Amino acid sequence: MSGFRSHMDQALSEARAAAARGEVPVGAVVVAPDGRVVAAAGNRTRELNDPTAHAEVLALRAACAAAGSERLPGHDLYVTLEPCPMCAAVISFARIGRLYYGAEDPKSGGVAHGARVFAHPQCHHAPEVYDGIAAGEAADILKAFFENRRG
């Protein structure tokens, strides 16, 4: 997997745009089975006053609206940070085929850390998961954002 990036560059761009809006810099991109990007988003929780307006949720909402379905079988999701438990549940409900994420999130993650949503027997669908995609760059964007907010 070393060097694999595919659509992560677009997700990183969404994360940078979120940071410029004062949002926690997380970006997400949904890719259809034919390789077309069907949705992209960055966090907008502050802008929308909505605690569910995470990048993954916004991108999945847009992709589902475009598909006219609440499920996206065969679609891929690229996200710059390990999804939280809420987002992992939404990814499962949307029936995403493959999840690619960048930086790990030991504090709030829900895939490899914390709740480990996809590992629960109650999880109806678990995507293939590939982590560490452009992880250093994704982590650097987050680190710089929080350093600027503290400083």
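Is Y78 buried or exposed? With a relative accessible area of 2%, Y78 is buried (buried means under 20% relative accessible area, exposed over 50%, and partly exposed in between, with a 1.4 Å probe and protein chains only). The model is a predicted one, in which local features need pLDDT of at least 70 and side-chain atom pairs count only at pLDDT 80 or more, while totals for chains, interfaces and linings use all residues. Residues are numbered from 1 along each chain as its sequence is written, and side-chain values use heavy atoms, leaving out hydrogens and water.

Y78 also leads into the aromatic side of things. A search of the whole structure turns up three aromatic pairs. Rings of Phe, Tyr and Trp (for Trp, its six-membered ring) pair if their centres lie within 6.5 Å; planes under 30 degrees apart count as stacked, over 60 as edge-to-face, and the rest as tilted. One of the pairs joins Y78 to Y100, and it is stacked, at 4.5 Å centre to centre and 10° between the planes. Since Y78 sits in strand β3 (residues 76-81) and Y100 in strand β4 (residues 98-103), the pair ties together parts that are 22 residues apart in sequence. Strands here are DSSP runs of E with at least two residues, helices are runs of H or I with at least four, and both are numbered from the N terminus. Y100 is buried too, at a relative accessible area of 8%. For F145 and F146, the ring centres are 5.1 Å apart and the planes stand at 80°, so this pair is edge-to-face. F145 is buried, with a relative accessible area of 9%, whereas F146 counts as partly exposed at 31%. Y78 and Y100 turn up again with Y130, as the three form one aromatic cluster.

F145 comes back in the helix packing. The axes of helix α1 (residues 8-20) and α5 come within 11 Å and cross at roughly 0°; axes are lines fitted to C-alpha atoms, for helices over the stretch in contact, and angles run from 0 to 180 degrees between N-to-C directions. That makes α1 roughly parallel to α5 (angles under 35 degrees count as roughly parallel, over 145 as roughly antiparallel, 65 to 115 as roughly perpendicular, and the rest as oblique). On the α1 side the contact is made by L12, R16 and A19, and on the α5 side by E137, A138, I141 and F145, where contact means heavy atoms within 4.5 Å. Sorted by class, this contact has five nonpolar, no polar and two charged residues. Ala, Val, Leu, Ile, Met, Phe, Trp, Tyr, Cys and Pro count as nonpolar, Asp, Glu, Lys and Arg as charged, and the others, Gly among them, as polar. Helix α5 (residues 135-150) is also home to D140, which counts as exposed at 52% relative accessibility. The C-alpha atoms of D140 and A103 are separated by 9.1 Å, with their places 37 residues apart along the chain.

A second helix pair is α3 (residues 55-67) with α4 (residues 85-93), packed at an angle of about 20° with axes 9 Å apart. That makes α3 roughly parallel to α4. The crossing of α3 past α4 is left-handed, a label for a near helix turned anticlockwise from the far one by less than a right angle, with clockwise giving right-handed. From α3, E56, V57 and L60 meet M86, C87, V90 and I91 of α4. The residues of this contact split into six nonpolar, no polar and one charged.

The loops deserve a look as well. T52, in the loop between α2 and α3, is partly exposed at 26% relative accessibility. Leaving aside neighbours within four places in sequence, T52 is in contact with V57, R61 and M86. N49 lies in the loop between α2 (45-48) and α3, and it has a positive phi of about 50° although it is not a glycine. N49 is exposed, with a relative accessible area of 69%. R116, in the loop between β4 and β5 (128-130), likewise has a positive phi, near 45°, and is partly exposed at 43%. P33 belongs to the loop between β1 (27-31) and β2 (37-42) and is exposed at 58% relative accessibility. Not counting residues up to four places away in sequence, P33 touches P73, G74 and H75.
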